Amino acid sequence: MEYRTLGLSGAVVSTYTLGTMTFGSETDEAGSHEQLDRYIEAGGTFIDTADVYSGGVSEQIVGRWLAKSSARDNVVLATKGRFPMGDGPNDVGTSRIHLRRALDASLERLGVDHIDLYQLHAWDPVTPLEETLSFLEDAVRAGKIAYGGLSNFTGWQLQKACDLIGYRGWSKLVTLQPQYNLLVREIEWEIVPAAQENGLGLLPWSPLGGGWLTGKYSFDEEPTGATRLGENPDRGVESWYRRSRNQRVRDVVDAVREIAEARGISMAQVALAWLVDRPTVTSVILGARTLEQLEDNLAAADLHLTEEETTELDEASDPGAADYPYGGPGVAQRSRPISGGRA
């Protein structure tokens, strides 16, 4: 396992994070604890959960594992708050009322007195941003959290948050958790530059594109069986009906398969290795259902692609920005020769 700092903070984490969204829903407690044990054994140090995962059950499972594990002092623990945890009007959002309740409830479920990274799970258009960010600052000062982070923010939202924090002199945010993989690269147009400008490390979720980058789905036959798309072919962003008709998805999967076969490794390992070395990525979040899937993912821990392999994947996965503002003349306008002039 390799290690990097958590954004521009002094905290150090492994380059692969154990995501726990499956805990309590797709993975039972015994299987979840097996994954946690194996991850720590492999040198992993970063565990990510959220209050909304399995309605709080994921945090409880992680908490019970922490209580019996000797690894707590070596684990950097992250969770999130924002989504509904009840039916009341204050059971959702990033208001002081909801975040105070959400943070206290997460601390109780996890069985800890502080959380290392507390992330806003998404933007809240109802709550003034200053109210939200001042809550994070108060939580840092109270010792309930060490760092604040964001998840699923757009570029302008991220920049607005960082500007307000700078103006107020509050503790800087350290991370952004976005969806990012070979099939979803549009964040490179605005979000990645904004994260780089503000020193936020990326924690990509869905690094395998909902399973598409593992090669397990056919483009010609609707999936069935005990997989996420087998149980629901129209599931979320990875919908089989949408992606199976997309030629770019086919091109990317073919490129990943070609490199995997040439190296004698799994397609998942190739996709993970491409992502972990993208600019400003701190740690890639693994979301396995089974121990076998986690074992395969962990085999990418010290894997790096060659320049030629990276270029092949870059070209196959290029989302094809329009000429302006993210491609062609738009890109040219954002650069200039140091010498100046018309040359």
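Student: Which residues line the second largest cavity?

Tutor: The model is predicted: local features need pLDDT of at least 70, side-chain atom pairs count only at pLDDT 80 or more, and totals for chains, interfaces and linings use all residues. Residues are numbered from 1 along each chain as its sequence is written, while side-chain values use heavy atoms and leave out hydrogens and water. On a 1 Å grid over the protein atoms alone, a cavity is a set of points where a 1.4 Å probe fits but cannot get out, and lining residues have an atom within 4 Å of a point. The second largest cavity is lined by T94, L120, A122, W123, D124, T127, L129, T132 and F153.

Student: What volume does the largest cavity have?

Tutor: A volume is the space filled by probe spheres set on grid points, which are joined across faces, edges and corners. A search of the whole structure finds two cavities of 30 Å³ or more. The second largest has about 40 Å³, and the volume of the largest cavity is about 70 Å³.

Student: Which element gives the most to the lining of the largest cavity?

Tutor: Helices (H or I, at least four residues) and strands (E, at least two) are DSSP runs, numbered from the N terminus. The lining of the largest cavity includes L133, Y147 and W170, and the elements that give two or more residues to it are β7 (145-151) and α4 (129-141). With four residues, the element that gives the most is α4.

How values were computed
1 Å grid on protein atoms, 1.4 Å probe; cavity = no way out; pocket = protein on both sides within 12 Å on 5 of 7 lines; lining within 4 Å.
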